[in-house]
Amino acid sequence: MITSIKIDRLSYDGKGIGYIDGKVAFVCGALPGEEVSVKVISDKKSYYECELVDVITRSDKRVESACPYFNECGGCAYMHVSHSDESEMKASALEDILKRKAGLEVDVKKVMSDKDVCYRNKLSLKVKNYEFGFYREETHEFVKIDDCLLASDAIRSVFKLKDCLRFREGNILIRSNFNGEVIIKIDTSDEAKIDILKIKESVKLVGIILNDRVIYGEDFFIERVHNYFYKVNVNSFFQVNLNILGKVIDILRENSYGVVADLYCGVGTLGIPLKKDKLYGIEIVKEAVIDAIYNAKINKQDNKYMLGSAEVISKINDKIDTIIIDPPRAGLNRKTLDFLINYKSRNLIYMSCNPFTLVRDLSILKDIYEVNDVYYLDMFPKTKHMECLCVLKLK
Ligand SMILES: C[S@@+](CC[C@H](N)C(=O)[O-])C[C@H]1O[C@@H](n2cnc3c(N)ncnc32)[C@H](O)[C@@H]1O
């Protein structure tokens, strides 16, 4: 059924919201004020999920999408607005959710990425019938792509080498670093024909890992932000937008933090550049802890790193002044939240890639901590995602 609706406002994940016979309808790619014709693709109990068929009345904020796969692959939500309008929309969505769900009225500060395309240093692709692609959002519908505008130039050049990375089905992870070096990880149960020599002719290849076995080079690379160096295993987390990471480090380095506990520390990314007296890091992925220990050494620091879940902070036998938390999308677990409430460190720095779990946790932490600064970090331009940095002080 194709019907026309008026778009009222945007959802937190960048979809246009309108109504069909009084029921909410979400439309990816539609903007507030627009009249659009849509096709219902999914009829849920309390809302419709719709596909944009045509824009009848255009918003003056609408721009042409530079990506031919927008609306098809589902990886982007803001290809149809300018970079500044996108960040305005996301920052005001963050202010709104902070107010509605955590009762916090804050002027969110924007930290903009210098680039809104070619910024991602990591791309995870599906392979089907020898083609690269993504699964369309929330489906197993394969969308073949031959390029991704969000990816770094080094990663984009790997797309052109599809014939040198031939396997019928599986996954391919491509990561790049500050120096344009590339590491490729392939998981497949099929026979893989990989022409390493040809790949090396076109990209600065650091390593190829096939089904967890290094078949060329190394399973890590060295990343650099300002004058900090990080060894990053192919399986370890690293922030996807180096430019924004550099700006976060600049903000954090404006203060000094005494004794620090860096929870969810990854390879030591946020904790290493801090001005501090001492640092304890905690991380659940073994390879990342090994990297963090190495990274402390190459950055000439004496940090201690522990393998385990965040709540092992309770085992630290020292007076902690500052706790950094940078959890995955699920936010803090109950034990860690309880620890933070009872421990009452002087400073708390909460970095989050999910505003929903952030506000859930802040609605509890705000009784003990003053939420001093909230930053919208433009870590993922064009996509529905956002990163936030919150600086909290004990009341
Ligand atoms: C968003 S990343 C942040 C990493 C690091 N702070 C950085 O800036 O690169 C979250 C990290 O938490 C780790 N992690 C996930 N669950 C955890 C848990 N329960 N306890 C400790 N670390 C965890 C992940 O492996 C990942 O390295």
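The exercises below work through the ligand site, the sheet and two aromatic pairs of a predicted model.

Residues are numbered from 1 along each chain as its sequence is written, and side-chain values use heavy atoms, with hydrogens and water left out. Local features need pLDDT of at least 70 and side-chain atom pairs count only at pLDDT 80 or more, while totals for chains, interfaces and linings use all residues.

**Exercise 1. The ligand shell**

Task: State which residues come nearest to the ligand, and describe the shell by class.

Solution. Step 1: A residue is near the ligand if one of its heavy atoms lies within 4 Å of it. There are 16 residues around the ligand, of which Gln239, Tyr264, Glu283, Ala310 and Asp326 come nearest.

Step 2: Sort the shell by class, with Ala, Val, Leu, Ile, Met, Phe, Trp, Tyr, Cys and Pro as nonpolar, Asp, Glu, Lys and Arg as charged, and the others, Gly among them, as polar. The shell has nine nonpolar, five polar and two charged residues.

**Exercise 2. Nitrogen atoms of the ligand**

Task: Find N or O atoms of Tyr264, Ile284 and a polar side-chain atom of Ser309 that lie by a ligand nitrogen, then give the cover of the ligand.

Solution. Step 1: Take the backbone. An N or O atom of the Tyr264 backbone is 2.9 Å from a nitrogen atom of the ligand; for a backbone N or O atom of Ile284 the distance to a ligand nitrogen is 3.3 Å.

Step 2: Take the side chain. Ser309 places a polar side-chain atom 3.0 Å from a nitrogen atom of the ligand.

Step 3: On its own the ligand has 590 Å² of accessible area, and the protein covers 88% of this. The area comes from the Shrake-Rupley method with a 1.4 Å probe.

**Exercise 3. The sheet**

Task: Give the strand order of the six-stranded sheet and explain why S1 and S2 each have one side without a neighbour.

Solution. Step 1: Strands are DSSP runs (E, at least two residues), numbered from the N terminus, and two of them pair if DSSP finds at least two bridges between them. The open sheet has the order S1-S5-S6-S4-S3-S2, with mixed pairing.

Step 2: S1 and S2 (9-10) stand at the edges with a single partner strand each, so one side of each has no neighbour in the sheet.

Step 3: S1 (residues 2-6) and S5 (residues 35-43) run antiparallel and are joined by five bridges. Ile2 stands opposite Lys39, and Ile5 has Val36 as its bridge partner.

Step 4: S5 and S6 (residues 47-57) are also antiparallel, with eight bridges. A hairpin of three residues joins S5 to S6, and Asp43 stands opposite Tyr48.

**Exercise 4. Aromatic pairs**

Task: Classify the pair Phe26 and Tyr47 and the pair Phe339 and Tyr343.

Solution. Step 1: Rings of Phe, Tyr and Trp (its six-membered ring) pair if their centres lie within 6.5 Å; planes under 30 degrees apart are stacked, over 60 edge-to-face and the rest tilted. The count is five aromatic pairs.

Step 2: Phe26 and Tyr47 are edge-to-face, at 5.4 Å centre to centre and 75° between the planes. Phe26 lies in S4 (residues 23-28) and Tyr47 in S6, so the pair ties together parts 21 residues apart in sequence.

Step 3: Phe339 and Tyr343 are stacked, with 5.1 Å between centres and 15° between the planes.

Terms used:
Polar contact = N/O pair within 3.5 Å; in protein donor to acceptor, adjacent residues only side chain to side chain. Helix = DSSP H or I, 4+ residues; strand = E, 2+ residues; numbered from the N terminus.
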